[in-house]
Amino acid sequence: MANRIMLNQTSYHGAGAIAEIVTEAKAHAFQKAFVCSDPDLIKFGVTGKVTDLLDKEGLAYEIYSDIKANPTIDNVKNGVAAFKASGADYIIAIGGGSSMDTSKAIGIIIANPEFEDVRSLEGVAPTKKPCVPIIAVPTTAGTAAEVTINYVITDVERKRKFVCVDPHDMPIIAVVDPEMMSSMPKGLTASTGMDALTHAIEGYTTKAAWEMTDMFHLKAIEIISKSLRGAVANTKEGREGMALGQYIAGMGFSNVGLGIAHSMAHTLGAVYDTPHGVACAMMLPIVMEYNADCTGEKYREIARAMGVEGVDQMDQATYRKAAVDAVRKLSEDVGIPSKLEALKEEDLPFLAESAHADACAPGNPKDASVEDLTALFRKLM
């Protein structure tokens, strides 16, 4: 079977990269932008860094900000209506996963209106046309939504998140500018950074992993492990490292999938509104322990990438424990809790069933039953 790699047509990296948005808008002869960004980014002037550039060049745009942290079906439907009314011909997505996931769903439905109910996009939907062109500008260093074919929408009515995987939703241009991330508070920096680490580790160990994605994932683990503590302290080096590391992780996992740390995190987010990165950070070491006996020598390379010394002198059990311990230590150092107080015993059956049905679950290196997932969730209590 052939292995497939899908990436952006173009990506820009480094401080000041947002200036290239104007260059690309003009080069593509776009007429009007539909700027998707959440209310807080608008309030604190982050979105304005981009719209000021558009204003300076006389480029038309309209802002859409009905976007929740865990974007909902209604956020998407309202966005579709707003896009139709705007007369826009491209989207500029500014934000974290929330803004980008909303943008992808809007762009797909505009091009493929038969999926306007939104729920039918779950899984690998048979869309026919590429979405509206998206220029993606991340303001967090975690989701890598700017370089993935995935997006996640929350179904409030059914208390679940659903994952959509669609090659047609890839942003044509990614603009990864660490200066757009400098205003992230410590907690958000920590949680999105641990989401990025989870992408890299799950992508490296997933059933579909292969040499090229292993290269991306190991480098991402190395950069994130070196950079996240500094990013939380808001150092320039830490911010720049995380901007790059999370993107490299996205280059990999988007093409090979994830595992049950993500399927369980999606469920916790849907039921308790737990921030996605926090849920990932909580689940990752627990899932790593569960998966260990199905990962060959990969935990040795994870431990090495995370800076653990002497891994070549360790036996298998020791380097596997060292990898898990390194993840736990990083999560602890950046202030992520290890237990979820909201978790209730009576919720476990629903949580486990939902995680088992999640689109990320089949990629896990070890097949997990509903009973297995119940036991793993219980470890958060």
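These legends walk through several views of a predicted protein model.

Local features are described only where pLDDT is at least 70, and side-chain atom pairs count only at pLDDT 80 or more, while totals for chains, interfaces and linings use all residues. Residues are numbered from 1 along each chain as its sequence is written, and side-chain values use heavy atoms, with hydrogens and water left out.

**Figure 1. The whole protein, with 14 helices and eight strands.** Its radius of gyration is 20 Å, close to the 21 Å that the globule rule gives for 381 residues, so the protein is as compact as a globular protein of that length. Here the radius is taken over C-alpha atoms, and the rule is 2.2 Å times the number of residues to the power 0.38. Helices (H or I, at least four residues) and strands (E, at least two) are DSSP runs, numbered from the N terminus. Of the 381 residues, 59% count as buried; buried means under 20% relative accessible area, exposed means over 50%, and partly exposed lies in between (1.4 Å probe, protein chains only). Among contacts (heavy atoms within 4.5 Å) with a separation of 6 or more, 79% join residues 24 or more positions apart.

**Figure 2. Two stretches that carry UniProt domain names.** Residues 11–178 are listed in an unreviewed UniProt entry as "domain: Alcohol dehydrogenase iron-type/glycerol dehydrogenase GldA". This stretch is 32% helix and 24% strand, and its end C-alpha atoms are 14 Å apart. UniProt, again in an unreviewed entry, places "domain: Fe-containing alcohol dehydrogenase-like C-terminal" at residues 189–380. That span is 70% helix and 0% strand, with its end C-alpha atoms 22 Å apart. UniProt positions follow the numbering used here, feature names are shortened, and annotations may be inferred rather than shown by experiment.

**Figure 3. Helix α9, residues 260–272.** From its first C-alpha to its last, this helix of 13 residues reaches 18 Å, close to the 18 Å expected at 1.5 Å a residue; the expected span is 1.5 Å times one less than the number of residues. Why is α9 largely enclosed by the rest of the structure? The reason is that 12 of its 13 residues are buried, including His262, Met264, His266 and Tyr272. The buried residues pack against β6 (150–155), β7 (160–165), α6 (186–205), α10 (276–291), α13 (348–357) and α14 (370–378). Just after the helix comes Asp273, whose phi is positive, near 60°.

**Figure 4. Thr205 in helix α6.** Thr205 is buried, with a relative accessible area of 11%. Which backbone oxygen does its side chain reach? It is the one of Ile201, at 2.9 Å, which fits a polar contact (a pair of N or O atoms within 3.5 Å; within protein, one must be able to donate a hydrogen and the other to accept it, and residues adjacent in sequence count only if both atoms are side-chain atoms). Leaving aside neighbours within four places in sequence, Thr205 touches Thr295, Lys298, Tyr299, Ile302 and Pro365.

**Figure 5. Val175 in strand β8, residues 173–176.** Is Val175 buried or exposed? At 1% relative accessibility, Val175 counts as buried. Beyond its neighbours within four places in sequence, its contacts include Tyr12, Ile21, Ile135 and Pro138. Gly250 is 75 residues from Val175 in sequence and 14 Å away in space, C-alpha to C-alpha.

**Figure 6. Thr23 in helix α1, residues 20–27.** Thr23 counts as partly exposed, at 41% relative accessibility. Its C-alpha atom and that of Ala85, 62 residues apart along the chain, are separated by 26 Å.
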